[in-house]
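Hi,

Here is the structure I promised to pass on. Have a look at it first, and then read on for my notes on what turned up.

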Amino acid sequence: MVEPSFNQLELSGTLTKPPQLTKSPAGIHHLRFVVEHRSEQVEANLPRRSYVRLQVVLSGQDAPQWSKELSVGQAVTVRGFLNREEDKNGIGKLVLHAQQLVLI
């Protein structure tokens, strides 16, 4: 029996780097950008400042259009799943794979 699993994240913030559009050898478009989130959260009944900077990748046929609409400083909400990726030096990081992107 397979155990149920859940991997879903929603994050709002602003773009901090210009979006970069690439195309895989299979012909799939990938749009990469960075979202920065700052807020105050409550933890153990105490206020806590939250700061997150996370790379986002949006793949598929909508990526080229989004590359024209997104710019640094723009506010967005992104919903998708987290995945681990390694850079060219083998260092792992979490990346949010966008399934939904909304301008706010």
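To start with a question: in which sense do β1 and strand β3 pair, and over how many bridges? They pair in the antiparallel sense, over two bridges. One thing to keep in mind throughout is that this is a predicted model.

**The overall picture**

The protein has one helix and six strands. Reading from the N terminus, the order of the elements is β-β-β-β-α-β-β. The C-alpha trace spans about 50 × 45 × 30 Å along its principal axes. Of the 104 residues, 26% are buried. The exposed area comes to about 7,500 Å², with 51% of it supplied by carbon and sulfur atoms. If you take the contacts with a separation of 6 or more, residues 24 or more positions apart account for 54% of them.

**How the strands pair**

Strand β1 covers residues 9-15, and its pairing with strand β5 (residues 75-86) is antiparallel, over six bridges. One place to find that pairing on your screen is Leu11, whose bridge partner in β5 is Val78. For the pairing of β1 with β3 (residues 29-43), try Thr14, which has Glu36 as its bridge partner in β3.

β3 also pairs with strand β2 (residues 20-23), in the antiparallel sense and over four bridges. There, Leu21 has Leu31 as its bridge partner in β3. β2 and β3 make a hairpin with five residues between them, and Gly27 in the turn has a positive phi of about 90°.

**Glu36, a charged residue to look at**

Glu36 sits in strand β3. Is Glu36 buried or exposed? Its relative accessibility is 13%, so Glu36 counts as buried, the cut-off being under 20%. Its side chain is joined to that of Arg53 by a polar contact of 2.6 Å. Arg53 is also among the residues in contact with Glu36 once neighbours within four places in sequence are left aside; the others are Ser12, Gly13, Thr14, Thr16, Tyr51 and Val52. Thr14 in that group is the bridge partner mentioned above.

**The core**

The largest nonpolar core has 16 residues, and the ones with the most contacts inside it are Phe33, Leu70, Val78 and Leu101. Two or more of its residues come from each of β1, β3, β4 (46-59), α1 (63-69), β5 and β6 (92-103). Val78 has already come up, as the partner of Leu11.

Which residues does Phe33 touch, not counting those up to four places away in sequence? They are Leu15, Lys17, Pro19, Leu54, Gln55, Val56, Leu70, Val78 and Leu101.

**Gln55 and Ala63**

Gln55, one of the residues that Phe33 touches, lies in strand β4. Its side chain and that of Lys93 are joined by a polar contact of 3.0 Å. Residues up to four places away in sequence aside, Gln55 touches Arg32, Phe33, Val34, Lys93, Val95 and Leu96.

Ala63 belongs to helix α1. With a relative accessibility of 0%, Ala63 counts as buried. Its C-alpha atom is separated by 6.0 Å from that of His29, although the two residues are 34 apart along the chain. Leaving out neighbours within four places in sequence, Ala63 is in contact with Leu21, His29, His30, Leu31 and Leu58. Leu21 and Leu31 in that list are the bridge partners from the β2 and β3 pairing.

**The loop between β3 and β4**

Finally, a spot where the backbone angles deserve a look. Most residues other than glycine have a negative phi. Ala44, in the loop between β3 and β4, has a positive phi, near 55°. Asn45 lies in the loop between β3 and β4 and has a positive phi too, near 65°. Are Ala44 and Asn45 buried or exposed? Ala44 has a relative accessibility of 69% and therefore counts as exposed, the cut-off being over 50%. Asn45, at 72%, counts as exposed too.

That's what I have for now. Enjoy looking around!

Terms used
Residues are numbered from 1 along each chain as its sequence is written. This is a predicted model: local features need pLDDT of at least 70, side-chain atom pairs count only at pLDDT 80 or more; totals for chains, interfaces and linings use all residues. Side-chain values use heavy atoms; hydrogens and water are left out. Two strands pair if DSSP finds at least two bridges between them. Buried means under 20% relative accessible area, exposed over 50%, partly exposed in between (1.4 Å probe, protein chains only). A polar contact is a pair of N or O atoms within 3.5 Å; within protein, one must be able to donate a hydrogen and the other to accept it, and residues adjacent in sequence count only if both atoms are side-chain atoms. Contact means heavy atoms within 4.5 Å. A nonpolar core is a set of buried Ala, Val, Leu, Ile, Met, Phe, Trp, Tyr and Cys residues joined through side-chain atoms within 4.5 Å. Accessible areas come from the Shrake-Rupley method with a 1.4 Å probe; for residues, only the protein chains shown count as cover.
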